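Please look through the sequence and the structure shown below, and keep both at hand while reading the paragraphs that follow.

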Amino acid sequence: HAYLRLGLALGIEDDSGKASSADAAHAMNLPRAREIPIRDTVLTVLGQQTSSALLEPGGKDRLKQELQAALALHNPDLKVQALYFSDFLVQP
């Protein structure tokens, strides 16, 4: 088994159309009921990864693209503009 520690911040568009950044769903002061689907989406995508794929050149960028696509599909009202890794550690 591999170990992944990941800190994630989302750049989201607010109601006025402006982008803002917040540390994942918790720091956005989202109601727990709204936070859970976001966490579920992120954990589902992370669970499909392999340590070797994440450690490849471009592995982190590919993961960002996959996360952003999954969040757009499963949480379209969130309007994620960008993803930022504040912590990224993979131990194969």
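**From a loop residue to the core**

Asn75 lies in the loop between helix 4 and strand 3, in a model that is predicted. Is Asn75 buried or exposed? Its relative accessibility is 7%, and because buried means under 20% relative accessible area, Asn75 counts as buried. The side chain of Asn75 is joined to the side chain of Thr41 by a polar contact of 3.1 Å. When neighbours within four places in sequence are left aside, Asn75 is in contact with Pro37, Ile38, Thr41 and Ala70.

To place this loop in the whole chain, it helps to step back. The protein chain has 4 helices and 3 strands, and, read along the sequence, these follow the pattern β-β-α-α-α-α-β. Buried residues make up 35% of the 92 residues in the chain. Among contacts between residues at least 6 apart in sequence, 60% join residues that are at least 24 apart.

The next element to follow is helix 4, which covers residues 59-74 and so has 16 residues, reaching 22 Å from its first C-alpha to its last, close to the 22 Å expected at 1.5 Å a residue. Which residues of helix 4 are buried? They are Gly59, Leu63, Leu67, Ala70 and Leu71, and because they cover an arc of only 100° around the axis, they are on the same side of helix 4. An α-helix has 3.6 residues a turn, so residues three or four places apart point the same way. The face of helix 4 turned away from its buried side carries the exposed residues Gln65 and Leu73.

Several of these buried residues appear again in the largest nonpolar core, which has 17 residues, and in which Leu10, Leu63, Leu67, Leu71 and Leu83 touch the most other members. At least two residues of this core are supplied by each of strand 1 (3-13), helix 2 (32-47), helix 4 and strand 3 (80-91). In soluble globular proteins, nonpolar side chains tend to be buried together. Leu71 can serve as an example here: apart from its neighbours within four places in sequence, Leu71 is in contact with Leu10, Ile38, Thr41, Val42, Pro76, Val80 and Leu83.

A leucine in helix 2 offers a last case to consider, namely Leu43. Leu43 has a relative accessible area of 57%, and because exposed means over 50%, Leu43 is exposed. Leu43 and Leu67 are 24 residues apart in sequence, while in space they are 9.5 Å apart, C-alpha to C-alpha.

Notes. Residues are numbered from 1 along each chain as its sequence is written. This is a predicted model: local features need pLDDT of at least 70, side-chain atom pairs count only at pLDDT 80 or more; totals for chains, interfaces and linings use all residues. Side-chain values use heavy atoms; hydrogens and water are left out. Buried means under 20% relative accessible area, exposed over 50%, partly exposed in between (1.4 Å probe, protein chains only). The arc is that of the directions from the helix axis to the C-beta atoms. Contact means heavy atoms within 4.5 Å. A nonpolar core is a set of buried Ala, Val, Leu, Ile, Met, Phe, Trp, Tyr and Cys residues joined through side-chain atoms within 4.5 Å. A polar contact is a pair of N or O atoms within 3.5 Å; within protein, one must be able to donate a hydrogen and the other to accept it, and residues adjacent in sequence count only if both atoms are side-chain atoms.
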